[in-house]
Amino acid sequence: MAPGITPNQGASQSAVSVKDYKAMGDGVTDDTSAVTSAITAAVASGSEVFFPPGTYMVGPGTLSYILPIRSGLRIRGAGIGKSVIKVKPNAGNYDVMFGPQYSVVSDVHFSDMTIDQNSGSNPIQSLADLSAHPRMIIATGGGNNFTINDVEVRDINAFNTIYISTRTTSITNCRFTGIGGGSVYHDYSALYLTASAIVTGNLFQSSGLNAAGAVTAIETHSGDQTISGNTIDGMLVGMNVSGIGRTESNNILVSDNTIAHAYYGIQIWSRKYGSHQSGYGISGLTIGNNIIRITQNEWNTNAIDGKPVLGNPSGIFVDPNANLPIKAMTISNNSVEYDLENNPSAPIISAGFGIGYWDATGGNSAEEVKITNNTIINAPGPGVRISVAGSNVEISSNKIINPGSTLNPRLPNSYRAGIVITSPPVGVRLLNNSITDNLQTTRMKYGIYVLAPKAAQPELTANTVSASGVDTSAFARPISVTTTPK
């Protein structure tokens, strides 16, 4: 069922209506006290809180939150756009809308309503204000069973929108729209998940490319998470999938998502955290059947700090400063497509690659990695890049079109390749990959470029390379293999 369409138009027999507690829902009256009373009564009686159609204005008073959240709280409206909880204009700073912040709660359910943060009438005044009061909607610190279904959150400007540490969380068929804006640049994740969760069928939409705070849609920490069927539009980063937690992250599935108008697609983090200083950061990650559209030519401002965004726009990649090893990672059947750079006077993009891992630390590793059946089009740098120690990496049956296509004259020729393997793991296999440059003037230098010691030379089997343009003078050869000293 599509967001905003629900058959549940009336209160159930066990529901407490906020209007029974004198909430007006007229878009003018401050209904904070009435809604608080309804929540208190409903939780005490084990009932549901129902919001009939209307716009309920709320705002912080002396507390750092606006409305209370308690275990057993069930809140439902008459549908997206029909029942609206709206932060009143000039409300001032607050930590969290439903609080206190980091409450430990269980068996909480939100559904069938709109939450309007009304940031246009409550602009962030400074980064210091936001750091002290992050303006989240929900922020839990533990517990079990939290579901959010068919909920819209709009006109958002916050540090996170939903921060969840409650185990077995489900966020489905929701909309997060109008993310970012204003004059204060800051970090942001719409969903920040630190426990097992299912996130499916949601929409994340920025207020515009380059908008302040339009940074990340989904950020995961720890394991047992399924992120599927979501649509992300106009965010600097589609997702951060991380192995940053007190325990190893595993059983993570990221599938069938669409990421559009991004600068970075899916970033994979694997770092030490707290007492988790050894072992793997991630052991068991599948990224499959995602569609990622990188429109790097449209980005000129970093949504975090407001500075020019001149980096390495990449599709699916491991953070180069990762300091915990990764094991059992499969990246398959994804599509990564970039803008093709055609304006030599435009801001120069450097060596962004489609899929892979470049280890800037020189001390990390990756084991049991498969990059297979992906399509990568117009990557500024390599289509696939592997520059990390480890073992057992397969790169197979990928279709790579127009790699190394940046107009940046400073890009080394070795990066103008479909697949780049340097300082590689032991046991790399390159099988049945198709690499082509179909531009009128070829920009690809090599099909496959390898720089590795003899003991780590990859297996090369049944790969095809071609350049079909009118001017192919830039193309050197299909495969370049150089053996380095041990």
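**Entry 1: a charged pair, Arg154 and Glu152**

I started with Arg154, which is partly exposed because its relative accessible area is 28%, and that falls between the 20% and 50% cut-offs. A reminder to myself: this is a predicted model. Next I looked up Glu152, which counts as buried because its relative accessible area is 9%. The two side chains meet in a salt bridge, at 3.5 Å from N to O.

**Entry 2: Glu394 and Arg429**

I moved on to another salt bridge, the one between the side chains of Glu394 and Arg429, also listed with an N to O distance of 3.5 Å. Glu394 sits in strand 34 (residues 389-396) and Arg429 in strand 37 (residues 426-431), so this pair ties together parts of the chain that are 35 residues apart in sequence. Is Glu394 buried or exposed? Glu394 is buried, since its relative accessible area is 15%. Arg429 is partly exposed, at 23%. Then I went back to the pair from my opening entry: salt bridges with shared partners join Asp116, Glu152 and Arg154 into one network.

**Entry 3: how many salt bridges?**

How many salt bridges does a search of the whole structure find? I noted down 7. One that I checked is between the side chains of Arg76 and Glu48, with 3.0 Å from N to O. This pair links distant parts of the chain, with Arg76 in strand 6 (residues 74-77) and Glu48 in strand 3 (residues 48-51), 28 residues apart. Both Arg76 and Glu48 are buried. A general note for the margin: side chains of opposite charge can pair when their charged atoms come close.

**Entry 4: Glu219, a charge with no salt bridge**

Glu219 caught my eye next, in strand 18 (residues 216-220). Glu219 is buried but has no salt bridge. Which side chain of opposite charge is nearest to Glu219? That is Arg271, 9.8 Å away. A salt bridge needs the atoms within 4 Å, so a pair that far apart does not count as one. What does the side chain of Glu219 touch, then? I found a polar contact with the side chain of Ser189, at 3.0 Å. I also found a polar contact of 3.5 Å with the side chain of Asn240.

**Entry 5: closed spaces inside**

Rolling a probe the size of a water molecule over the atoms shows where empty space is left. For this model, a search of the whole structure turns up 2 cavities of 30 Å³ or more.

The largest cavity has a volume of about 50 Å³. I listed its lining as Val318, Met329, Ile331, Gly356, Tyr357, Ala366, Val369, Ile371, Ile386 and Val388. Strand 28 (326-332), strand 30 (355-358) and strand 31 (365-372) are the elements that give two or more residues to this lining. Strand 31 gives the most, with 3 residues. Sorted by class, the lining of the largest cavity has 9 nonpolar, 1 polar and no charged residues.

The second largest cavity holds about 40 Å³ of space. Phe110, Ile115, Ile137, Ile138, Ile148, Val151, Val153 and Ile162 line this one. At least two lining residues each come from strand 9 (108-116), strand 10 (136-142) and strand 11 (144-156). Strand 11 gives the most here, again with 3 residues. What classes of residue did I find around the second largest cavity? I counted 8 nonpolar, no polar and no charged.

**Entry 6: open pockets**

The largest pocket has about 320 Å³ of space. Of the 14 residues lining the largest pocket, Tyr264, Asn312, Phe317, Pro320 and Trp358 are the closest to its centre. Strand 24 (264-270) and strand 27 (316-318) each supply at least two lining residues, and strand 24 gives the most, with 3. By class, I have 9 nonpolar, 3 polar and 2 charged for the largest pocket.

The second largest pocket has a volume of about 240 Å³. Its lining includes Tyr163, Tyr192, His221, Arg246 and Tyr273. By class, this lining splits into 4 nonpolar, 6 polar and 1 charged.

**Entry 7: a loop residue, Lys307**

Last lookup: Lys307, in the loop between strand 26 (291-294) and strand 27. Is Lys307 buried or exposed? Lys307 counts as exposed because its relative accessibility is 53%. I also checked Lys307 against Tyr185: they are 122 residues apart along the chain, yet their C-alpha atoms are separated by 9.4 Å.

Notes:
Residues numbered from 1 in each chain as written. Predicted model: local features only at pLDDT ≥ 70, side-chain atom pairs only at ≥ 80, totals over all residues. Heavy atoms only, no water. 1 Å grid on protein atoms, 1.4 Å probe; cavity = no way out; pocket = protein on both sides within 12 Å on 5 of 7 lines; lining within 4 Å. Points joined across faces, edges and corners; volume = space filled by probe spheres on them. Helix = DSSP H or I, 4+ residues; strand = E, 2+ residues; numbered from the N terminus. Nonpolar A, V, L, I, M, F, W, Y, C, P; charged D, E, K, R; others polar. Buried < 20%, exposed > 50% of the residue type's maximum accessible area, 1.4 Å probe, protein only. Lys, Arg positive; Asp, Glu negative; His and termini not counted. Polar contact = N/O pair within 3.5 Å; in protein donor to acceptor, adjacent residues only side chain to side chain.
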